[in-house]
Structure formats: structure tokens, C-alpha cells
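Here are a few short exercises to work through with the model open in your viewer. Try each task before you read its solution.

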Amino acid sequence: MQLSELIFYKNKNVSNTPRKIPDYVLPVPPLRSLPGIICNTSYIFEYILDIAKKITLKKGEIIYPDNERQVPFCYLKKGKICTYQIDEEGNTFISHFLLYGALFFDVFFLTCGQYKAVPMKALEDSELYCFPVDLNFEDLLQMNVGLVKNLLYSQSIKDFTYSKLVRINMKVKPLNRICSYIYEMYESYQEKFFCPNITQSEMALLLNMHTVTFSNVIAQLKEKNVIETFTKKQLIITDLEKLCYYRFYGL
């Protein structure tokens, strides 16, 4: 799918009248995102989906940026997508995994087109909502000031979590990187068991390593009773002290 296929303009029959948003829907919600994984940052945009266009993507579909002048920002209601970049040698680098409740292409909106859009791939069947390409800050302010606050928050979280990912990937040894990432998960959830929402192969991509290398390290951590299991739906840490130690030192 080409990005230009998502472009549409504001419907004059749809009013930008102020929107009443419940007090429990915060423009700056509690942080649930992880390095390279953006999740549940922008639920407040659920309240203006009447001005957006619904798009469904099948797993594996890609949106290619074919228009540098007009890029609609979008809200991911269901599913999982990733944004990625390709360097001059043809290598692919994952920028972010985006889960439900996240915005994307918002950086184009915030920079008034100075930041180019990157390709986006659906990793699961996904439902997204594209906003009118001529939507502006004044429209959002008129509807609810919390929408503008959330736009800034959303991009700040992307920048913050990406900087964390860069610091993790500066560690040379795969063991140190994996343990550091799992420890970041623990600090976010404050639990030794949680749903990571990504697969081992997806985390391997984030940490710039081969899936075989990643699987071997996970097997070692299981043998050392540092973790019990690691699936898309469940990650169980059995020895937090060892995990913390292996962030910096070897087995």
C-alpha cells in the first residue's frame, strides 16, 4: 500500500467543536512503553476518531512513503506494527515496534513536514485510523487542549525510549544487552512475571543480533535459573539479583 492512498481532507460537515473527554483519560498517561516498544501512549485520540478514516491491514502488509509533502498522522487502535529504515547497503533497522494506543507518522505533523516518513509494516492484523492531512494544531486545540499535550508526550516517549535502546545496544556482549533489556522490562512492570508483547525474534531485531544468538543466550539464562520462560505472552524472571549482575558481567 502506498502512503498516498491514506490521504484525505477534512470533512466540512464534521465540526471541530470542543470534545468532552473523561477525567480518567489523561493526556500524559503513566509510562508503559519500553526501549523501542511504544504502547498505550495516546488513548485520548479515541475520542476524535469520528474525523479519521479507518484502515485495516493484514499481517505482512507494508505502507510505503511515496509522498514527501503530505503525510497523515495515524492512531493504532488494534494490532502491532513496526517502523523501519533501510541504509545505503540495504540493511534494515527497526526504529520502533508500535502496539495498541500509539500514534505514528506524528513526527511529520509536529515538524511541519521536515522529518520524512519511513516505511511501516503490520506484524499482526491491525486496525488504524488516519487523520485528515490538513488537520492542524488549531483544530486540535479547538477540540481539546489535551490532544496537543498528548502529541508532544507521544513523540517525547519515542525519543526517550529510543535513547534507552541506543544505550543498551552500546553494550558489546549479547548477554549484557539481553539482560539489560529484560531488566528494563522488570523496572517498567515492577513484576517478575509479565506479558512482553513481543517475540524473541522481534527482541533480537531491537538488540541488533541474530535470532540464533538470542536463543542461545536465553537458553543459558534458563540453565542458570535466571529466567523460567520467555514467550510473547509470558516472561518469568526467577533470579533478579543474577539478572542485574549479568547486565554488566558475564556468566
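The exercises below concern a predicted model, and each comes with a worked solution.

**Exercise 1. Find the order of the strands in the open sheet, and work out which strands stand at its edges.**

Step 1. Start with the order: 5 strands make up the open sheet, arranged as β1-β6-β5-β8-β3, with mixed pairing.

Step 2. Now look at the ends: β1 and β3 (62-63) are the edge strands, each with a single partner strand, so one side of each has no neighbour in the sheet.

**Exercise 2. Describe how β6 pairs with β1 and with β5.**

Step 1. Take β1 (residues 37-38): β1 and β6 run parallel and are joined by 2 bridges.

Step 2. Locate the partners along β1. Ile37 stands opposite Phe97 of β6, and Ile38 has Leu98 as its bridge partner.

Step 3. Turn to β5 (residues 80-86), which pairs with β6 in the antiparallel sense over 7 bridges. One pair to look for is Tyr84 with its bridge partner Ile94 in β6.

Step 4. Follow the chain through the hairpin of β5 and β6, where 5 residues lie between the strands. Gly90 in this hairpin has a positive phi near 90 degrees.

**Exercise 3. Decide why β6 can be called largely enclosed, and find the helix that lies across it.**

Step 1. Apply the cut-off: a residue is buried when its relative accessible area is under 20%.

Step 2. Strand β6 covers residues 92-99, and 6 of its 8 residues are buried, so the rest of the structure largely encloses it.

Step 3. Look for helix α3 (residues 145-169), which lies across β1 and β6 and runs at about 130 degrees to β6.

**Exercise 4. Are Thr41 and Thr229 buried or exposed, and which residues do they touch?**

Step 1. Place Thr41 in the loop between β1 and β2 (53-57). Its relative accessible area is 2%, so Thr41 is buried.

Step 2. List the surroundings of Thr41. Leaving aside neighbours within four places in sequence, its contacts include Pro29, Ser33, Gly101, Asn150 and Tyr153. The Thr41 side chain also makes a polar contact of 3.2 Å with the side chain of Ser42.

Step 3. Place Thr229 in strand β11 (residues 227-230). With a relative accessible area of 18%, Thr229 is buried.

Step 4. Not counting residues up to four places away in sequence, Thr229 touches Lys222, Gln234, Leu235 and Ile236.

Note on methods
Residues are numbered from 1 along each chain as its sequence is written. This is a predicted model: local features need pLDDT of at least 70, side-chain atom pairs count only at pLDDT 80 or more; totals for chains, interfaces and linings use all residues. Side-chain values use heavy atoms; hydrogens and water are left out. Buried means under 20% relative accessible area, exposed over 50%, partly exposed in between (1.4 Å probe, protein chains only). Helices (H or I, at least four residues) and strands (E, at least two) are DSSP runs, numbered from the N terminus. Two strands pair if DSSP finds at least two bridges between them. Contact means heavy atoms within 4.5 Å. Axes are lines fitted to C-alpha atoms, for helices over the stretch in contact, and angles run from 0 to 180 degrees between N-to-C directions. A polar contact is a pair of N or O atoms within 3.5 Å; within protein, one must be able to donate a hydrogen and the other to accept it, and residues adjacent in sequence count only if both atoms are side-chain atoms.
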